Amino acid sequence: MHVELDCPWVSVSGGLRLLAPDGRSFRLRGATASADGHVEVPAKVAHHLYEAGVVTEPCDLRVAVVSDHGCSDDLVRGLTARRIDITTWVRTPEPGNTRDLRRISGHANLDVHVVVICPRTLLGGRDVAEQCHRAGIPSVVAWGRHHWAVLGPISDGSPGCQHCADMAMAARDPDWVTMARSMKEGEYDPAVTEWLVNRIERAALSIRDSTVSRRPKTFHVRTIAGERSIEVPAQPGCHCWLSEEPCSTLMRSAA
Ligand SMILES: [Zn+2]
């Protein structure tokens with residue numbers, strides 16, 4: 001069984017010696033560790049090592065990051081540190097870039113739990129969100145700059161998606177579209193990166209959890225003062241709302 005060491009270790013004759021958090025040390029006969037601490041051991045040994053607090057269980061979360069900008073490097077590093085399996089796709093800005101989701105949903109990556117879209121502007125990346133919707137892959141838009149970040153609602157096929165959030169914001173203030181289009185992503189600070197990583201990990205865990213049938217549809221905003229969460233009601237006319245209700249139900253509701 002494949003485990004990842006979560007402790008200091010040294011190579012000794014015929015194996016490894018591991019230092020547990022409580023001060024004990026363990027000798028692991030016949031084992032070798034890769035440079036980043038991956039070890040192959042029998043399942044029974046893995047269980048004992050886990051109980052001793054010297055290895056982490058694989059988290060088995062798979063996330064794809066689609067980026068129009070280098071700031072997502074921070075996000076990728078943060079997610080990788082949580083042992084999340086990451087696929088990345090940095091889109092080139094040249095016009096005529098016809099690559100699409102096949103880059104991240106090929107044979108090897110059919111089952112990512114969520115696609116994180118990191119657009120250059122606050123209103124960017126909606127084309128990827130649309131591709132995800134058509135492919136049935138959950139997606140979320142993450143955008144940030146120094147001190148400030150947003151994470152859109154999870155677009156997962158149930159009512160309330162990024163498009164709904166965009167429409168709700170524009171309904172509140174028509175200037176939002178112009179503002180959002182001109183807002184360029186800036187350098188993340190460590191606090192913003194950590195907040196986004198936490199939120200993305202929580203979203204991926206929720207999507208992986210098959211007992212969760214409906215996730216809250218919320219638009220999260222991170223400021224220095226804290227966090228604000230805005231509920232995103234499904235907008236009449238959005239494809240996510242229409243796809244849930246059969247036409248006859250809609251007509252009855254209208255009547
Ligand atoms: Zn929607």
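1. **Three-stranded sheet.** In this predicted model, three strands make an open sheet, ordered β5-β1-β6. Its pairing is antiparallel. The edges are β5 (38-40) and β6 (55-56), and each of these pairs on one side only. Strand β1 (residues 2-5) is joined to β5 by three bridges, and the two run antiparallel. Within that pair, glutamate 4 stands opposite histidine 38.

2. **Glycine 37.** This residue sits in the loop between β4 (25-29) and β5. Is glycine 37 buried or partly exposed? Glycine 37 counts as partly exposed, because 17 C-beta neighbours lie inside 10 Å and the buried class starts at 20. Setting aside neighbours within four places in sequence, glycine 37 is in contact with Glu4 and Leu5. Glu4 is also the residue that stands opposite histidine 38. Proline 8 is 29 residues from glycine 37 in sequence, with a C-alpha to C-alpha separation of 9.2 Å.

3. **Seven-stranded sheet.** A second open sheet has seven strands, in the order β8-β7-β9-β10-β11-β12-β13. Here the pairing is mixed. The edge strands are β8 and β13, each paired on one side only. From one strand to the next, the twist averages 20°. Helix α2 packs on this sheet and touches β7, β8, β9 and β10. The direction of α2 makes about 170° with that of β7.

4. **The β11-β12-β13 end.** Strand β11 (residues 148-151) pairs with strand β12 (residues 218-223) in the antiparallel sense, over three bridges. Valine 150 stands opposite valine 221. Leucine 151 stands opposite histidine 220. On to the next strand: six bridges join β12 to β13 (residues 226-231), again antiparallel. Histidine 220 stands opposite serine 229 in β13. Histidine 220 thus has a partner in the β11-β12 pair, leucine 151, and one in the β12-β13 pair, serine 229. β12 and β13 form a hairpin, with two residues between them.

5. **A general point on strands.** Strands of a sheet pair through backbone hydrogen bonds, in parallel or antiparallel fashion. In a regular strand, side chains alternate between the two faces of the sheet.

6. **Helix α2 and its buried residues.** Which residues of α2 are buried? They are Ser72, Asp74, Leu75, Val76, Gly78 and Leu79. These buried residues pack against β7 (62-67), β8 (85-90), β9 (114-118), β10 (139-145) and α6. Arginine 83 follows α2 and has a positive phi, near 65°.

7. **How α2 meets α6.** The axes of α2 (residues 72-81) and α6 (residues 190-208) come within 9 Å and cross at roughly 55°. That angle makes α2 oblique to α6. The crossing is right-handed. From α2, the residues in contact are Asp74, Leu75, Gly78 and Leu79. From α6, they are Thr193, Glu194, Leu196, Val197 and Ile200. By class, this contact has five nonpolar, two polar and two charged residues. Asp74, Leu75, Gly78 and Leu79 are also among the buried residues of α2.

8. **Cysteine 240.** Cysteine 240 is found in helix α7 (residues 239-244). Why does cysteine 240 count as buried? There are 21 other C-beta atoms within 10 Å of its own, and 20 or more make a residue buried. Leaving out neighbours within four places in sequence, its contacts are Ser155, Gly157, Pro159, Gly160, Cys161, Cys164 and Ala234. Proline 159 lies 81 residues away along the chain, yet the C-alpha atoms of cysteine 240 and proline 159 are separated by 5.1 Å.

9. **Chain totals.** The secondary structure comes to eight helices and 13 strands. The chain has 255 residues, of which 32% count as buried. Among contacts with a separation of 6 or more, 64% are between residues 24 or more positions apart. The contact of cysteine 240 with Pro159, across 81 residues of chain, is one of this long-range kind.

Conventions:
Residues are numbered from 1 along each chain as its sequence is written. This is a predicted model: local features need pLDDT of at least 70, side-chain atom pairs count only at pLDDT 80 or more; totals for chains, interfaces and linings use all residues. Axes are lines fitted to C-alpha atoms, for helices over the stretch in contact, and angles run from 0 to 180 degrees between N-to-C directions. Helices (H or I, at least four residues) and strands (E, at least two) are DSSP runs, numbered from the N terminus. Angles under 35 degrees count as roughly parallel, over 145 as roughly antiparallel, 65 to 115 as roughly perpendicular and the rest as oblique. A crossing is left-handed if the near helix is turned anticlockwise from the far one by less than a right angle, and right-handed if clockwise. Two residues are in contact if their C-beta atoms, placed from the backbone, lie within 7 Å. Ala, Val, Leu, Ile, Met, Phe, Trp, Tyr, Cys and Pro count as nonpolar, Asp, Glu, Lys and Arg as charged, and the others, Gly among them, as polar. Two strands pair if DSSP finds at least two bridges between them. A residue is buried if 20 or more other C-beta atoms lie within 10 Å of its own, exposed if 12 or fewer, and partly exposed in between; C-beta atoms are placed from the backbone.
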